[in-house]
Amino acid sequence: MPGSRMYLSPPHATDEDVAAVVAALRSGWLAPVGPDLREFETRAAAVTGRQHAVALSSGTAALQLSLKYVGIQPGDHVLIPTLTFGATAFAVCYLGAVPVFVDVDDSWNMDAASVEAILDSWPSGLPMPVAAIPVDLYGAPADYDSLLPILVKHSVAVIEDAAEGLGATHVQGPLGSFGRAAALSFNGNKIITTSGGGMVVTDDEEMAAKIRFWATQSREPLPWYEHEEVGFNFRLSNVLAALGRSQLNRLSREVEKRRQIRLWYQERLEEIDGVEIQMDPTWGRSNAWLTVARFSTERYPNAPHRIIEALEKFDIESRYLWKPMHQQPVFRDNRAHLTGRADRLFRECVCLPSGTLMSKDDVDRVTTIIRSVIDD
Ligand SMILES: *Cc1c(COP(=O)(O)O)cnc(C)c1O
C-alpha cells in the first residue's frame, strides 16, 4: 500500500504474484476464460474440500447466484446472523427475498438456539424461512454441529458465507465445505485477494454448471447468442485468476502469520482486566483474518470510539465491528431474534490492524496507544 499508514488488512503482492499476472497478460488469455481460471478454481476447490468451483467477480455475486440456484423466490425469508457485513443481507435482497436476522453465540457466529427459537415460533400465516446463510465471522468457524441439524430438520437450505474464512477449519472440515455451497471472497482486504473477486464452491456438479452459465450471460451453446434465461456478467478475468492462484499458494503461510499477529496482540492486551481477544471456538481453528479486541463497557465505556480516534492520530487504521444488520436503517422493519449479544459486541469491540506484513514492533505500537487510551 502507498505511504506509511498502517492499514487494517492491506492487500500485498509479492514478486511471484507480479510475475504470475505478467505471465497471464503475455499468454493472451485476457478474457474471463483461460488456464489460470481453471487452475485457480481447481485449487480453491481442493483447499475447501469441494468437488467444484466457479470463480466470479465478487463474493456477493457468489452468494446471489448460490441463493438463486437453491430456488429463492421474491418474498422468501432467509435467515442470516445479524452480525455480518451488509453483503450477506444484500445478496438476499437482490432476489427480492427478505433477510431475517438472528443473534450470535459465544463464537460471535449464528446462534443455533436463536435459529431454533425463531423457527419454532414462526407465525403460522407466514411462509417458513427457506434458506440460511451462516457466516464465519473474521475467519472463525460457525457452530455447524449445532446449526446444521436444526436447519435440516426444518428443510432450510444452507449456503455458507465463507468470505472471511478461507484457510480456517472446523473439526468436520475446512471452511467453505458446509452447506449446499459456500461463497468465498477475494476482495482487496481479504486474506487472499484478486483485488476484487469471489467464488462459489460446491459438491453439486449441476449447481456449478448452472452458476457458470448464469454468470456468463446465460449463453446457450449455439453458434449465435441465444438466451432462454436472464444472464449475469459475473465471471472473473483470467488475469485476476492468475493473481489469485499465486496468492493461494501461500494461504497456509498467511494464516499462520495472522494467527501469530493475533497471539502478539493477545500477549499484550489480555493481561489487562476487562479486555479479551476473539480466539478460536472449541470446534475449530480460525484463520485470524482480523484480530478483534473486546473492551468491557462497564470498565471502559465508549472504548471503541476512543481507541479508533487515538490510533487514527498516529495514522493507524482500525474499525468498529460490523454494525449489526438489525440496527441498519435499511433493515429497520425486518424480523429478528435477538439476545443482545451482537449489540453488546458492537459496543465493545475494535478490529485491529492485522495485515500479514505486520511485525511484532507494529503490534507493540498499536497496543501501547491502546493502553494509553484505556488507562486514562
Ligand atoms: C467481504 C464479504 C462479503 C462480500 O464479498 P465481496 O467479494 O466483497 O463481494 C460477503 N460476506 C462477508 C461476511 C464479507 O466479509
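These legends describe close-up views of a predicted model.

**View 1. Strand β8 is mostly covered.**
Strand β8 spans residues 181-185. Five of its five residues are buried. In a regular strand, side chains alternate between the two faces of the sheet. Here, one side of β8 carries Ala181, Ala183 and Ser185. The other side carries Ala182 and Leu184. Both faces are covered, and these residues are all buried.

**View 2. Strand β8 pairs with β5 and with β9.**
Strand β5 covers residues 157-161. It runs parallel to β8, and three bridges join the two. One residue pair to find is Glu160 and its bridge partner Ala182 in β8. Strand β9 covers residues 198-202. The pairing of β8 with β9 is antiparallel and has five bridges. Look for Leu184 here: its bridge partner in β9 is Met199. Both Ala182 and Leu184 are buried and lie on one side of β8.

**View 3. Helix α1 packs against helix α8.**
Two packed helices are described by the angle between their axes and the distance between the axes. Helix α1 is residues 15-27, and helix α8 is residues 238-248. Their axes are 8 Å apart, at an angle of about 150°. An angle over 145 degrees counts as roughly antiparallel, so α1 and α8 are roughly antiparallel to each other. Their crossing is right-handed.

**View 4. Residues of α1 meet residues of α8.**
From α1 come Glu16, Asp17, Ala20, Val21, Ala24 and Leu25. From α8 come Asn238, Val239, Ala242, Leu243, Ser246 and Gln247. Sorted by type, the contact has seven nonpolar, three polar and two charged residues. Among the nonpolar ones are Val21 and Leu243. The charged ones are Glu16 and Asp17.

**View 5. Ser155 has a positive phi.**
Most residues other than glycine have a negative phi. Ser155 is not a glycine, yet its phi is about 55°. Find Ser155 in the loop between α6 (144-153) and β5. Is Ser155 buried or exposed? Its relative accessibility is 62%. The cut-off for exposed is over 50%, so Ser155 counts as exposed.

**View 6. Ser218 also has a positive phi.**
The phi of Ser218 is near 50°, in a residue other than glycine. Ser218 sits in the loop between α7 (205-215) and α8. Is Ser218 buried or exposed? Its relative accessibility is 0%. Buried means under 20%, so Ser218 counts as buried.

Terms used. Residues are numbered from 1 along each chain as its sequence is written. This is a predicted model: local features need pLDDT of at least 70, side-chain atom pairs count only at pLDDT 80 or more; totals for chains, interfaces and linings use all residues. Side-chain values use heavy atoms; hydrogens and water are left out. Buried means under 20% relative accessible area, exposed over 50%, partly exposed in between (1.4 Å probe, protein chains only). Helices (H or I, at least four residues) and strands (E, at least two) are DSSP runs, numbered from the N terminus. Two strands pair if DSSP finds at least two bridges between them. Axes are lines fitted to C-alpha atoms, for helices over the stretch in contact, and angles run from 0 to 180 degrees between N-to-C directions. Angles under 35 degrees count as roughly parallel, over 145 as roughly antiparallel, 65 to 115 as roughly perpendicular and the rest as oblique. A crossing is left-handed if the near helix is turned anticlockwise from the far one by less than a right angle, and right-handed if clockwise. Contact means heavy atoms within 4.5 Å.
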